[in-house]
Every structure is written in structure tokens, then in C-alpha cells.
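Reader: I've got a model open and would like a close look at just one part of it: the charged side chains and how they pair. Could you take me through that, and tell me what sits around them?

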Amino acid sequence: MAVVNARVADLERGTLPQVCAKTGVPTDGWAKIRFSSAPTWTWILLLFGIFPFLIAQYFATVHVEGIVPMSDVAQRRVTVFNRLFIGLVALGVVVIAVGFVLDTEAAVILVGLAILVAAVFTMFLAMPSVLPSGAVMGEWVQLSFVHERFAAELDRFYRRSIEPATGWNNSPTVKRWVLFVGGALILALLLTLCFAGGETPA
């Protein structure tokens, strides 16, 4: 996997080289992907709570609708991934509903919550395996987790150099780990509240 920059205008017009961004094979297929990016300073607001962070992210986030070359194989992977995510969410909701309807112990509800959290983690951590990530930087979008051949073709297209998608300062990866840690903290809080609510006085 590699990191490479693409102009916003070329992404929006769909004029990138006809090489699949995930498999590296020539293709005339494409997928419309929405790339969103917020200033780095908004993440500092997590120290002051989730709501200031969400408000800042909402108003400061920049969106770009990009047309990215994607082969049939890559698009089928996206379809399977989406079905898996929707299936996990639906299963989690059903388990939680059953727990409330049957008025059972909190364990059933906790299983449903765990499934929902697993679905969210799957979406954020496994998404780069099926779709490119992108960070909007002015007139450019930094595409991450793309195939080396696609990056090389785009490099020749712009006559620019590319960098491997490794390193702790890869912003999409850092953001995913922040979301992972945040989700783990939320899960821990939910478990604490459920067990506390399930205690009965002696």
C-alpha cells in the first residue's frame, strides 16, 4: 500500500489514471467516494469532552466527492464489506431488543452492545482494506492505502514522488486509533453502567 496526492479537481472530474486504486489492474470502472477531513486542532477538543469535539468536527470538516478508479473485484469487496457491517449492526439491534422484551439479565443487552461496538470497530479499522482513505489538504487530497501501481501511475501523471503508507504520522491511521481508543472507553463506560444498574440491594 502507498500514499499519493491527487488534485481535488481531478478527483471530482474523474480524470485520474485508469488503474484500480486497490488492486492496481487497468480498469474503466469507478466508484464515487466521499473524502472528509477536519483540521488537526479539532482532535485536541477530545480532552474537553466528546460534544465540543463533535461540534468542531461538524463545522470544520471539508468534504470532497471523488471519482476513483475501482475494478469489479474491488467493488465486489466493498459490497461484501458493507453487507457484513449492516448485518452486524442489525444483529446487535435485534439482540438488544430481545434483551429488553424478555426482560432478561443485562448480559443479553451487553452482548448486543458488544456486537454494535464490534461493527463500528470493523468499519473504521477494516475500511482501508477495501477503500482508499483520503485527507483533504487545500487543493489536494492525500490518498492513503492505495495500490503501488495506482500510486506510480498517479506519480507519473503529476510527475511527483510517492511515499509508502507507513509511519506513525499517517493521519488516517492515527485518527482510526483515536476512534478505536475512544470506542473502547465508551464500551467500558457502557459495561460499567449496565453492571451498576443490574445490582440489586441485599
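**Charged pairs and their surroundings**

Author: Let's start with D10, which counts as buried because its relative accessibility is 8%, and the cut-off for buried is under 20%. Keep in mind that this is a predicted model. The partner of D10 is R13, and the two form a salt bridge whose closest N and O atoms are 3.0 Å apart. R13 sits at the other end of the scale: with 54% relative accessible area, R13 is exposed. So here's a pair with a buried acid and an exposed base. Why can they reach each other? D10 and R13 are three residues apart in helix α1 (residues 8–13), so about one helical turn separates them. The background is simple: an α-helix has 3.6 residues a turn, so residues three or four places apart point the same way. And side chains of opposite charge can pair when their charged atoms come close.

In total, the structure holds three salt bridges. Another one of them repeats the three-apart spacing, this time in helix α5 (residues 148–158), where E153 and R156 are also separated by about one helical turn. Their closest N and O atoms are 2.5 Å apart. The acid here, E153, counts as partly exposed at 28% relative accessibility, while R156 is exposed at 52%.

The remaining pair is the one I'd linger on. E65 and R34 meet through their side chains in a salt bridge, 3.3 Å from N to O. E65 belongs to strand β3 and R34 to strand β2, so this contact ties together parts that are 31 residues apart in sequence. As for cover, E65 counts as partly exposed, at 39% relative accessibility.

Now zoom out a bit to the strands that carry that pair. β2 (residues 30–37) and β3 (residues 62–69) run antiparallel, with eight bridges joining them. R34 is on the uncovered face of β2, along with W30, K32 and S36. The covered face of β2 has A31, I33, F35 and S37. Take I33, the neighbor of R34 in sequence on that covered face: its bridge partner in β3 is G66.

What comes along the chain after β3? Helix α3 (residues 72–101) has 30 residues and spans 43 Å from its first C-alpha to its last, close to the 44 Å expected at 1.5 Å a residue. Its buried residues are A74, V78, F81, G92, V95, I96 and G99, and they pack against α4 (106–126).

One oddity to check while you have the model open is F145, in strand β5 (residues 140–146). Its phi is near 60°, a positive value in a residue other than glycine. F145 is buried too, with a relative accessible area of 15%.

For the wider setting, the chain has six helices and six strands, in the order β-α-β-α-β-α-α-β-β-α-β-α along the sequence. Of its 202 residues, 38% count as buried. Among contacts with a separation of 6 or more, 77% come from residues 24 or more positions apart, and the E65–R34 pair, at 31 residues apart, is one link across such a gap. The chain exposes about 12,100 Å², with carbon and sulfur atoms supplying 67% of that area.

Terms used
Residues are numbered from 1 along each chain as its sequence is written. This is a predicted model: local features need pLDDT of at least 70, side-chain atom pairs count only at pLDDT 80 or more; totals for chains, interfaces and linings use all residues. Side-chain values use heavy atoms; hydrogens and water are left out. Buried means under 20% relative accessible area, exposed over 50%, partly exposed in between (1.4 Å probe, protein chains only). Helices (H or I, at least four residues) and strands (E, at least two) are DSSP runs, numbered from the N terminus. Two strands pair if DSSP finds at least two bridges between them. The expected span of a helix is 1.5 Å times one less than its number of residues. Contact means heavy atoms within 4.5 Å. A salt bridge is a side-chain nitrogen of Lys or Arg within 4 Å of a carboxyl oxygen of Asp or Glu. Accessible areas come from the Shrake-Rupley method with a 1.4 Å probe; for residues, only the protein chains shown count as cover.
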